[in-house]
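Visitor: I have the sequence and the coordinates open. Please take me through the reasoning behind the labels.
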Amino acid sequence: MQRAGAERARVPLTRSSAARPAGLRLTPRDDADVMGINHATSGAAVWLATTAALPMLGTDIYPLDPAGALSGSLVCAGAALLPDADHHSATIAHSVPLLGGVVTGEIGSLSGGHRHGAHTLLAAALVTAAAVALGRILTPVPLLGTVALGPAIATVPLVCFAVKARDFVSNWATAWLLGLVAGLLVLIFSPDSTIWFPIAIGLGFVAHIAGDLLTVEGVPAPTWPIQVKPPRTWRRTPILNHLWKRNGYFSLPLLGHAGSIREHAFGVLLGLYCIYGFAEVVMRAAGLHLAIA
Ligand SMILES: [Zn+2]
């Protein structure tokens, strides 16, 4: 059944790619998908926005020191690429020669194909639960005291994915090296609270699903693996049949098709917000505040 669902989910992707004028496709890919760069940017942006809002939310992880805010944004950016680990041509698939493709292929078949089980709230909950467990792996280190070993180790691949997706570096060796540096920084500077790490992972994962929801292709129902399909009258009603789709997927297609100009423009806006957020964190570190908050 899942396989059949996967095939149905691909149909609109293929049709849309064929129907769209060639000039509107900015990236030549075999099927339409939100670009890794935009997912990573959305993860960093969501983290920066959330940490900025933390005083109002009254959580015990505020105040986050600047190192915590910056490392969290990179972890969140990396986590925002995780759902696409079900896709053989996603950023993550190329992270390790051969092994990356094998692992993503396995995740894809285990979760029922691309944009299936790995793009659901259930997957987000499972990954966040794993992050809670990882966040509790602490170890005493001479001179440093007790350090967050689990988050530091997980940070290495996540930051590697994030910087490569953002094209900050051109090759994977450099991306892994930056991941290692970030892992070390988390080891040394991560906040005392163990809750920041699962929050960053969960937020990043959900940001990815939200990003895909904004495209015509949509995402599985929040109730997955129970995927209810709309009745016939709904399927025949214009607009509504784009929101709850024939295959049971949901969509709020504000960005149009994945890979569209609108998606690129939204990615640029998120990128600008991230630059502002990073600048604000750095200024805060220097004891200054930007005029706009
Ligand atoms: Zn996706």
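Guide: What follows is a set of questions on how each label was reached.

Visitor: What kind of model is this?

Guide: The model is predicted. Every value below is computed from that prediction.

Visitor: What pattern does the protein follow along the sequence?

Guide: The protein has eleven helices and two strands. Read in order, they give α-α-α-α-α-β-β-α-α-α-α-α-α. Of the 293 residues, 43% count as buried. Take contacts between residues at least 6 apart in sequence: 70% of these join residues at least 24 apart.

Visitor: Why is α3 called largely enclosed?

Guide: A residue is buried if 20 or more other C-beta atoms lie within 10 Å of its own. Twelve of the 14 residues of α3 are buried, so the rest of the structure largely encloses this helix. Among them are G68, L70, G72, V75 and C76.

Visitor: How do you know that the span of α3 agrees with expectation?

Guide: The rule takes 1.5 Å times one less than the number of residues. For the 14 residues of α3 that should give 20 Å, and the end C-alpha atoms are 20 Å apart, so the two agree.

Visitor: And what span does α8 reach from its first C-alpha to its last?

Guide: Helix α8 covers residues 196–213, 18 in number. It reaches 25 Å, close to the 26 Å expected. The helix is also mostly covered, with 15 of its 18 residues buried.

Visitor: Which residues make the contact between α3 and α7?

Guide: Start with the geometry. The axes of α3 (residues 66–79) and α7 (residues 172–189) come within 10 Å and cross at roughly 145 degrees. The crossing is left-handed. From α3 the contact uses A67, S71 and L74; from α7 it uses A182, L185, V186 and F189.

Visitor: How do the residues of that contact divide into nonpolar, polar and charged?

Guide: Six are nonpolar, one is polar and none is charged. Ser is not on the nonpolar or charged list, so it counts as polar. S71 belongs to the α3 side of the contact.

Visitor: What makes β1 and β2 a pair?

Guide: Two strands pair if DSSP finds at least two bridges between them. Four bridges join β1 (residues 138–141) to β2 (residues 145–148), so the test is met. The strands run antiparallel. L138 stands opposite A148, and P140 stands opposite T146.

Visitor: Why is P140 called exposed?

Guide: The cut-off for exposed is 12 or fewer neighbours. P140, in strand β1, has 9 C-beta neighbours inside 10 Å, so it counts as exposed. Leaving aside neighbours within four places in sequence, P140 is in contact with G145 and T146.

Visitor: Which residue of the hairpin takes a positive phi?

Guide: L143 does, with phi near 75 degrees. The hairpin of β1 and β2 has three residues between the strands.

Visitor: What makes a positive phi worth noting?

Guide: Most residues other than glycine have a negative phi. R115 has phi near 60 degrees, and I239 has phi near 70 degrees. R115 is found in the loop between α4 and α5. I239 is found in the loop between α9 and α10.

Visitor: Are those two buried or exposed?

Guide: R115 has 30 C-beta neighbours inside 10 Å, and the buried label starts at 20, so R115 counts as buried. I239 has 6, and exposed means 12 or fewer, so I239 counts as exposed.

Visitor: Why is Y273 called partly exposed?

Guide: Partly exposed lies between the two cut-offs, 12 or fewer and 20 or more. Y273 has 17 C-beta neighbours inside 10 Å, so it counts as partly exposed. Y273 sits in helix α11 (residues 261–285). The C-alpha atoms of Y273 and A45 are separated by 6.6 Å, although the two residues are 228 apart along the chain.

Visitor: What is the omega of the peptide bond from W224 to P225?

Guide: Omega is near 15 degrees, and the bond is cis. Most peptide bonds are trans. P225 lies in the loop between α8 and α9.

Conventions. Residues numbered from 1 in each chain as written. Predicted model: local features only at pLDDT ≥ 70, side-chain atom pairs only at ≥ 80, totals over all residues. Axes fitted to C-alpha atoms, helices over the stretch in contact; angles between N-to-C directions. Left-handed = near helix turned anticlockwise from the far one by under 90°. Contact = placed C-beta atoms within 7 Å.
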